[in-house]
Amino acid sequence: MFLQRTMEMLASCPKDVACWNAEGTAFMVKQVQTMERRILPLYFKHNNFASFTRQLRFYGFEKSKEQVGANVVWEFSHPKFLRDSPGKIDTIRRKTCTDTTPKWNLEEVSELQSSLSTLQNQVTALLAHVSTLTTAVCGIAEVESKEETKTQAKRKTISLEWDAALWDDFECLAEDWSGGIEYTCNFVRYELSFILNQANVSDLVATLVKRLAR
């Protein structure tokens, strides 16, 4: 059924999308995206070109690709899948898991293994780079932590020195204030004593006025 539908697809497909080669011994897919979008859904229950090529592989088709300008042209062939002998497709059997894997598939596996090895090397290099960066960041953080500790200690020392100086100034001010009060009290006591010792009140008042006017 799959091969019959593939034959029908090639008979009606636009030549610029997919077509037989000149000899009719192989067919080419020239525009993969257009084939997925417009052609495959008409004949199969999907629009996946990779799934289509996988089915061809199970039937023993060989494939190759060629870069033509900006496009990649895929070619598929089978000795019994021929444009001018459509009846031969009935003799093509789908391969099972016990069948020998085609040579071209082994080449793909080799390419994948090579790509995987390259990716593993890149991951190893990236991990080493990340480790180096992590060590550098930890070193910077440690230096900044030490500097912050020094700064806090310095601020504390300055604060203590400032508090001590402020307390000294306060004590000096308190002493000056205390001395001023004592001087004022002595002055008041002296004046009262002088006034009380005077016999004449008018003279006392005149004397007090004179003293206050000084």
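**Helix 3 and its surroundings**

Just after helix 3, Gly 60 adopts a positive phi of about 90°. This residue is a convenient point of entry into a predicted model, and the helix before it is the main subject of what follows.

The overall plan of the chain should be set out before the details. Five helices and four strands make up its regular elements. Followed along the sequence, they are arranged in the pattern α-β-β-α-α-β-β-α-α. The chain has 214 residues, of which 20% count as buried. Among the contacts in the chain with a separation of 6 or more, 50% are accounted for by residues 24 or more positions apart.

Helix 3 itself covers residues 49-58. At its start, a side-chain oxygen of Asn 48 comes to within 2.8 Å of the backbone nitrogen of Ala 50. Within the helix, the buried residues are Phe 49, Ser 51, Phe 52, Thr 53 and Leu 56. A general property of helices helps in reading such a list: an α-helix has 3.6 residues a turn, so residues three or four places apart point the same way. What do the buried residues of helix 3 pack against? Their partners are helix 1 (2-12), strand 2 (26-29), helix 2 (32-43) and strand 4 (71-77).

One of these partners, helix 1, deserves closer attention. Two packed helices are described by the angle between their axes and the distance between the axes. For helix 1 and helix 3, the packing angle is about 120°, and the axes lie 11 Å apart. Helix 1 is therefore oblique to helix 3. The crossing by which helix 1 passes helix 3 is left-handed. By class, the contact of helix 1 with helix 3 comprises four nonpolar residues, two polar residues and no charged ones. On the side of helix 1, the residues concerned are Phe 2, Thr 6 and Met 9, and they meet Phe 52, Gln 55 and Leu 56 of helix 3. Phe 52 and Leu 56 have already appeared among the buried residues of helix 3.

The final example lies in a loop. Asn 21 is found between strand 1 (18-20) and strand 2. Is Asn 21 buried or exposed? Its relative accessible area is 11%, and Asn 21 is therefore buried, since the term applies to values under 20%. When neighbours within four places in sequence are left aside, Asn 21 is in contact with Ala 26, Phe 27, Met 28 and Arg 83. Strand 2, which spans residues 26-29, is also one of the elements against which the buried residues of helix 3 pack.

Key. Residues are numbered from 1 along each chain as its sequence is written. This is a predicted model: local features need pLDDT of at least 70, side-chain atom pairs count only at pLDDT 80 or more; totals for chains, interfaces and linings use all residues. Side-chain values use heavy atoms; hydrogens and water are left out. Buried means under 20% relative accessible area, exposed over 50%, partly exposed in between (1.4 Å probe, protein chains only). Helices (H or I, at least four residues) and strands (E, at least two) are DSSP runs, numbered from the N terminus. Contact means heavy atoms within 4.5 Å. A polar contact is a pair of N or O atoms within 3.5 Å; within protein, one must be able to donate a hydrogen and the other to accept it, and residues adjacent in sequence count only if both atoms are side-chain atoms. Axes are lines fitted to C-alpha atoms, for helices over the stretch in contact, and angles run from 0 to 180 degrees between N-to-C directions. Angles under 35 degrees count as roughly parallel, over 145 as roughly antiparallel, 65 to 115 as roughly perpendicular and the rest as oblique. A crossing is left-handed if the near helix is turned anticlockwise from the far one by less than a right angle, and right-handed if clockwise. Ala, Val, Leu, Ile, Met, Phe, Trp, Tyr, Cys and Pro count as nonpolar, Asp, Glu, Lys and Arg as charged, and the others, Gly among them, as polar.
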